[in-house]
Amino acid sequence: MANSSRWVGRVAIVTGGSAGIGEATVRLLVKEGMKVVVCARKLEGLQTLAAELNQNKAESSVLPVQCDVSQEAQVLEMFNKIRSEFGRVDICINNAGINLGNAGLLDGSTESWQQIINVNVIGLCICTRESIKLMREKGIDDGHVIHISSFSGHRVPGSSLLHFYSASKYAVNACTEGLRQELRAIKSNIRVSSLSPGLVETDFNKVAMKGDFDEFMSSKQTVSPEDIAQLVWTCICQPAHVQIHDILVRPTQQVH
Ligand SMILES: NC(=O)c1ccc[n+]([C@@H]2O[C@H](COP(=O)([O-])OP(=O)(O)OC[C@H]3O[C@@H](n4cnc5c(N)ncnc54)[C@H](OP(=O)(O)O)[C@@H]3O)[C@@H](O)[C@H]2O)c1
């Protein structure tokens, strides 16, 4: 893969890295020689992952941080930790995202809508802003921000369970292009890319689908979290003058 060696020893942050796509991405980045700050709301899964990946290493590669990205104070605290432990960040992978059951447009709760926006959009923007601030403070001009968006940010799915979530991912895609324009305006070479998966084999839809989840997943073809992690790596390993804007990827048999 072109240009992968330049990331060895450098620092990535992966939000929502204790499960699914985030976890697979953390594993791949560590395998490729990066140091990784990994956050999620629950500390337990993070600690287990960090203990496994730091095992038998003279120096820890993984720094687990309990942080809800929708809580600005917690995100700022996490960046203070990154400053003191690693002193820099080179790649920010905004992966943390949620959907909730009670979020249809006709009868959803305002609270559910707010939670989805606060995590999927505001949390992502706070992490991006703080990452780029730190990159620029440290004179890092080849950094990369990745947004894990969704196919639902490109077409509105035919299920009310996904309509507000879909709106949040359309917003993520607007943030990708807006950020690209703002970075160009300040003559920065920091890149931004989106990844827009269809159905991935994770527990993501469990909360929204409740009892229907297992049957739904067993009836569908999926791509794996590792497939998505590999595409993240493809984006960040492009030569400096190549910016992948978005990758839309779905299982071959997915209908829409
Ligand atoms: N799975 C799919 O079919 C699919 C398709 C398209 C796009 N995506 C997107 O892919 C991303 C990852 O999804 P996934 O399928 O890997 O989900 P997942 O398996 O449910 O994992 C979600 C991760 O995010 C963390 N998280 C959730 N809310 C958080 C918050 N407020 N702050 C920090 N961490 C938080 C979770 O840990 P805690 O619960 O401990 O916080 C967990 O580590 C999401 O943005 C999702 O929208 C998923």
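**Close-up views of a predicted model**

**View 1. Polar contacts between the ligand and the protein.** In this predicted model, a polar atom in the side chain of Lys42 lies 2.7 Å from an oxygen atom of the ligand. Lys169 also reaches a ligand oxygen atom with its side chain, where an N or O atom is 3.0 Å away. At Ile21 the approach is made by the backbone, one of whose N or O atoms lies 2.8 Å from an oxygen atom of the ligand. The ligand taken alone exposes 890 Å², of which the protein buries 93%.

**View 2. The shell of residues around the ligand.** The ligand is surrounded by 28 residues, and those that come nearest are Ser18, Arg41, Lys42, Tyr165 and Thr202. Sorted by class, this shell comprises 14 nonpolar, ten polar and four charged residues. Two helices, α1 (20-31) and α5 (163-185), each supply at least two residues of the shell.

**View 3. The surroundings of His147.** His147 belongs to strand β5, which spans residues 144-148. Its relative accessibility is 1%, so His147 counts as buried, the limit for that class being under 20%. The side chains of His147 and Thr176 form a polar contact at 2.8 Å. Leaving aside residues up to four places away in sequence, His147 touches Asn94, Leu124, Thr128, Val172, Cys175, Thr176, Leu179, Val192, Ser193, Ser194 and Leu195. Thr176 thus appears both among the residues touched by His147 and as its partner in the side-chain polar contact.

**View 4. Cys67 and Cys39.** Zero disulfides are found in a search of the whole structure. Cys67 accordingly takes part in no disulfide, and the nearest cysteine sulfur, which belongs to Cys39, is 4.6 Å away. Because its relative accessibility is 2%, Cys67 counts as buried.

**View 5. Cys125 and Cys175.** The cysteine sulfur closest to that of Cys125 is in Cys175, at 3.7 Å, and this is too far for a bond, because a disulfide requires the two sulfur atoms to be within 2.5 Å. Cys125 has a relative accessible area of 32% and is therefore partly exposed, a class that lies between the limits of 20% and 50%. Cys175 is also one of the residues that His147 touches, which links this view to View 3.

Technical notes
Residues numbered from 1 in each chain as written. Predicted model: local features only at pLDDT ≥ 70, side-chain atom pairs only at ≥ 80, totals over all residues. Heavy atoms only, no water. Helix = DSSP H or I, 4+ residues; strand = E, 2+ residues; numbered from the N terminus. Buried < 20%, exposed > 50% of the residue type's maximum accessible area, 1.4 Å probe, protein only. Polar contact = N/O pair within 3.5 Å; in protein donor to acceptor, adjacent residues only side chain to side chain. Contact = heavy atoms within 4.5 Å. Near = heavy atom within 4 Å. Areas by Shrake-Rupley, 256 points an atom, 1.4 Å probe, with all protein chains shown as cover. Nonpolar A, V, L, I, M, F, W, Y, C, P; charged D, E, K, R; others polar.
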